[in-house]
Amino acid sequence: MTRSQAAVTPLKELRVSSHQIPSLGRIPNTSIQGKPLLIYHGAFHAGASASRIESHLRSVGVVDPQWRYTMYSTSHFHSNTQEVLSVASGKAKLCFGGEGNPHRVEAVMEQGDVMVVPAGVAHRLLEDMDGGFTMVGSYPKGSSWDMCYGKEGEDEKVKAIEHLGWFDRDPIYGHAGPALDV
């Protein structure tokens, strides 16, 4: 076991939540590719720093960590890439699918949790519960990300989601893992 792998919960012990979220107006959510929002609860052990998370992600080699920040408080989605969000510190209530969506997912995320957010799934911060919520935002190697808000004029970007690839290796576990089972 490598040093970075030591910070990860063994796959057989990982608890995963999987959510299909229907579209809401101009927000496609999981309706185009049919890939679910995945939440890996406690994927990284307590105390795994942002640096340690980034090191692990680089060692697996599926995604590139690109930023450390909280989540925007405005619902948004990405049309040109899948997204992997790893909670490095704090605790927050997040909304996936759009606030007006009766099928939205509101979840409390904390240090060590990972979200695999398919392209098109709206997400936003509802409440930073301790004032220190920080994530490592990562995207498949070679990808950049855009910002969409479910507004008029984004239709061509949304149509392009259909042609995006999915993960051929799990971003946290590599050759096995929840992202490969969808």
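**Why these labels? Cysteines, a loop and a helix**

Tutor: A search of the whole structure turns up 0 disulfides. This is a predicted model, where local features need pLDDT of at least 70, side-chain atom pairs count only at pLDDT 80 or more, and totals for chains, interfaces and linings use all residues. Residues are numbered from 1 along each chain as its sequence is written, and side-chain values use heavy atoms, with hydrogens and water left out.

Student: Why is cysteine 95 not in a disulfide with cysteine 148?

Tutor: A disulfide needs two cysteine sulfur atoms within 2.5 Å. The closest cysteine sulfur to that of cysteine 95 is in cysteine 148, 17 Å away, so it is too far for a bond.

Student: What makes cysteine 148 buried or exposed?

Tutor: Buried means under 20% relative accessible area, exposed over 50%, partly exposed in between (1.4 Å probe, protein chains only). Cysteine 148 has 0%, so it is buried. Cysteine 95 is also at 0%, hence buried.

Student: How do you know whether alanine 119 is buried or exposed?

Tutor: Its relative accessibility is 5%, so alanine 119 counts as buried. Contact means heavy atoms within 4.5 Å. Leaving aside neighbours within four places in sequence, its contacts include His78, Gln82 and Leu164.

Student: Why are the buried residues of H1 said to be on the same side?

Tutor: Helices (H or I, at least four residues) and strands (E, at least two) are DSSP runs, numbered from the N terminus. In H1 (residues 50–60), Ala50, Ile53, Glu54, His56, Leu57 and Val60 are buried. They cover an arc of only 160 degrees around the axis, so they lie on the same side of H1. The arc is that of the directions from the helix axis to the C-beta atoms.
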